[in-house]
Amino acid sequence: MVKKWFSGFLAAVMMVSVLSLGTSVSAEETEAVTETADAAGESGDVNVMALKGPTAMGMVKLMSDAESGEADGLNYQFAIAASADEVTPKLVQGEADIAAVPANLASVLYNNTEGQVQVLAINTLGVLYIVESGEQIQSVEDLRGKTIYASGKGSTPEYALNYILSENGIDPQKDVSIEWKSEHSECVAALAAQEGGIAMLPQPFVTTAQTKDESIRTALDLTEEWDRLQEGGEEKSSLITGVVVGRTEFVQENPQAVSDFLDLYQESVDFVNGNTEEAASLVGQYDIVTEEVALIALPECNIVYIDGDEMKEQLSGYLAVLLEQNPESVGGELPGDDFYFSR
């Protein structure tokens, strides 16, 4: 099963440029990975990875409770990564049991690992914005002929931007120049260094950019632009940025641990959304962004907890839009029903 998982993952690497392993995996290494995963399960550890941004921000209360030993008796080990390409190898190799990833990447991994990944919950809705140091962008049409700094190639940001541009009559390959960076922080630096620069950024990095340069303004809310394109359609979809996934093997072998985690995660999200000042302090403590930035950004981050039937309805609709635009963006086809975890 593990060998098939790695084979599928390598296929995903070729299709989604956000992923990278760079080395082959020997039989000995595969055996070691299996032993590591088994040992983790026996010890009661739950290894969780989140991305530096809203997904990690929504977990800070749970992270704090786990650190103080108040998290339901389970031994949670948290790691925060700067980008998805740090998370997926850990997930595939069994070093992470639960992880936050871009929504479309979850589908790609499911399709290219023969169902070895399940989505547990939606954790972030639309958080993408076009920002600029100027006043030239008032509509999507104003992006024509411009250079846009962005990160997240091969995942939600790229496909959301391409969809919005294309549906507004702008060819992403010909009518704009998109300079892809490996991390959001690089986009912030590029934006700050160029007068009249334009970038696509998620929160809280929009707020980070604005604290560095007060002239930077939010020009377009891509969630609003997405919703505008959905008006009048028979089936509406939401712009979904991130989800929480689990390794199918781990989920099946530890159903109570997964259920307990989701309960605590939902409580953490509720706390973060209802206690901005305390949550911002925790965000600063975990060095996700500064407390000052978090205080401003948290209300704009669209941090949510959605599971069950509502998760399936919203996420399947979003993936269907991406499939129509580019089948490779979801791994070639829509995931089966077993992709959607239900408890």
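Q: How many aromatic pairs does the structure hold?
A: This is a predicted model, and the structure in it holds eight aromatic pairs.

Q: Nice, what does the pair of Y76 and F78 look like?
A: Y76 and F78 form a tilted pair, with 6.1 Å from centre to centre and 35° between the planes.

Q: And why does Y76 count as buried?
A: Because its relative accessibility is 6%, and the cut-off for buried is under 20%. F78 has 23% relative accessibility, so F78 counts as partly exposed.

Q: Got another tilted pair for me, say W226 and Y318?
What are the centre distance and the angle between the planes there?
A: For W226 and Y318 the centres are 5.5 Å apart and the planes make an angle of 40°. W226 sits in helix α10 (residues 222–230) and Y318 in helix α15, so this pair ties together parts that are 92 residues apart in sequence.

Q: Are W226 and Y318 buried or exposed?
A: Both W226 and Y318 are buried.

Q: Back to Y76 and F78 for a second. Which residues form one aromatic cluster with Y76 and F78?
A: The cluster is made up of Y76, F78, F261, Y265 and Y305.

Q: While we're on rings, which residue lies over the face of F271?
A: That's K61, at 5.3 Å from the ring centre of F271.

Q: Let's stay with helix α15. Where is Q314 found?
A: Q314 is found in helix α15, which covers residues 308–325.

Q: Buried or exposed, that Q314?
A: Q314 is buried: its relative accessible area is 17%, and under 20% counts as buried.

Q: Which residues does Q314 touch, leaving out those up to four places away in sequence?
A: Q314 touches I122, L125, S238, I240 and I306.

Q: Changing topic to pockets. How much space lies in the largest pocket?
A: About 490 Å³ of space lies in the largest pocket.

Q: How many residues line the largest pocket, and which lie nearest its centre?
A: There are 31 residues in the lining, and L51, A84, P102, G152 and H184 are the ones nearest the centre of the largest pocket.

Q: Which elements give two or more residues to that lining?
A: The helices are α3 (54–57), α5 (84–92) and α7 (156–167), and the strands are β3 (98–102) and β10 (240–247).

Q: What about the mix of residue classes in the lining of the largest pocket?
A: By class, the lining of the largest pocket has 14 polar, 12 nonpolar and five charged residues.

Q: On to the backbone then. Which residues does a cis peptide bond join?
A: Q203 and P204 are joined by a cis peptide bond, with omega at about 10°. P204 belongs to the loop between β8 (198–202) and α9 (205–212).

Q: Why flag a cis bond or a positive phi?
A: Because most peptide bonds are trans, and most residues other than glycine have a negative phi.

Q: So what is the phi of E114, and where is E114 placed?
A: E114 is not a glycine, yet it has a positive phi of about 55°. E114 is placed in the loop between α6 (103–112) and β4 (117–125), and it is exposed, with a relative accessible area of 58%.

Q: And what is the phi of D287?
A: D287 has a positive phi of about 55°, although D287 is not a glycine. You'll find D287 in the loop between α13 (276–285) and α14 (291–297).

Q: Is D287 buried or exposed?
A: D287 is exposed, at 56% relative accessible area.

Technical notes. Residues numbered from 1 in each chain as written. Predicted model: local features only at pLDDT ≥ 70, side-chain atom pairs only at ≥ 80, totals over all residues. Heavy atoms only, no water. Helix = DSSP H or I, 4+ residues; strand = E, 2+ residues; numbered from the N terminus. Buried < 20%, exposed > 50% of the residue type's maximum accessible area, 1.4 Å probe, protein only. Contact = heavy atoms within 4.5 Å. 1 Å grid on protein atoms, 1.4 Å probe; cavity = no way out; pocket = protein on both sides within 12 Å on 5 of 7 lines; lining within 4 Å. Points joined across faces, edges and corners; volume = space filled by probe spheres on them. Nonpolar A, V, L, I, M, F, W, Y, C, P; charged D, E, K, R; others polar. Phe/Tyr/Trp six-rings, centres within 6.5 Å; stacked < 30°, edge-to-face > 60°. Lys NZ or Arg CZ within 6 Å of the ring centre and 35° of its normal.
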